[in-house]
Amino acid sequence: MKNCQPMQSRLPVTIESHQFRNRDIIGGDPALDFVNTVTGRDQSPRDWLDSYMRLLEWAAFVHLLPERILRTLAQKGRVEPRAAAAALARAKELRETLFALITGIVYGSVPTKAMLALLREHWIAAINAHELRFDDGRVVAELRNDAADFDLIASMIAYRMVEHVLPLPKDRLRICQGPNCSWLFIDSSKAGRRRWCDMAVCGNAAKSRRFYARSRQRRKSRRDE
Ligand SMILES: [Zn+2]
């Protein structure tokens, strides 16, 4: 990944309501799909988490948590909307930290201590939300029945990030090179050369942009002759 600049992260973000679809889930792990709930960070960022209930919809869509816990969180969210909104803000703080952390890894910069501290805090909360049970000859980690805390979604994202995403070889972590995208994904292709979140969307957009740039250039050089 030479020739790419780190994303500008300070563009104004529009918050949109959004129905999640299969094509939104391309990261290879829910922790990256969560970061991708902001799309277009390089040009016109749109944030698809417009409420705590939307965060629950997203968590259900990617099967992040058991349904019984999601139901409890939805009930709690209706009773305590302000606490739910505060938890959404904390989840977004983690999301933006994870975007900075992963892009830093991709572009070869060192994460700050604050980034790692925030990730660790949520990761530990997720571990604390689990119990170990012996079942049918195996020890299994399961979410406790009283684990339905508003911050559980953020905690589980941090857990997946630490346990499943960050141990991957760093050249398998990618940022889509398509225009107005910046989605993160795991490149699990055999050749390890995947550049786009989705070939049909960003791959073609990038190709046609290059095609138009080239033909414009050709027209221009003909004019200049
Ligand atoms: Zn893309």
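In this predicted model, H130 belongs to strand β4, which spans residues 130-135. With a relative accessible area of 19%, H130 counts as buried, because the limit for that class is under 20%. Beyond its neighbours within four places in sequence, H130 touches A141, E142, L143, R144 and M156.

M156 also has a relation to A125, a residue of helix α5 (residues 113-128). The C-alpha atoms of A125 and M156 are separated by 8.5 Å, while the two residues stand 31 residues apart along the chain. A125 has a relative accessible area of 34% and is therefore partly exposed, as this value falls between the 20% and 50% limits.

The two residues with computed accessibility values are set out below.

| Residue | Element | Relative accessible area | Class |
|---|---|---|---|
| H130 | strand β4 (residues 130-135) | 19% | buried |
| A125 | helix α5 (residues 113-128) | 34% | partly exposed |

The model also contains a zinc site. The protein donors of the zinc ion are the SG atoms of C176, C181, C197 and C202, which lie 2.2 to 2.4 Å from the ion. Along the chain these donors follow the spacing C-x4-C-x15-C-x4-C. Within this set, C181 and C197 link distant parts of the chain, 16 residues apart: C181 is in the loop between β6 (173-175) and β7 (184-186), and C197 is in the loop between β7 and α7 (199-224). Both C181 and C197 are buried.

What arrangement do the 4 donor atoms around the zinc ion form? The arrangement is tetrahedral, because the donor atoms subtend angles of 103 to 114°. For four tetrahedral donors, the ideal angle at a metal is 109.5 degrees.

Technical notes: Residues numbered from 1 in each chain as written. Predicted model: local features only at pLDDT ≥ 70, side-chain atom pairs only at ≥ 80, totals over all residues. Heavy atoms only, no water. Helix = DSSP H or I, 4+ residues; strand = E, 2+ residues; numbered from the N terminus. Buried < 20%, exposed > 50% of the residue type's maximum accessible area, 1.4 Å probe, protein only. Donors = N, O, S within 2.8 Å, 3.2 Å for Na, K, Ca; no water. Tetrahedral: all angles 85-135°; square planar, octahedral: opposite > 155°, others 65-115°. Contact = heavy atoms within 4.5 Å.
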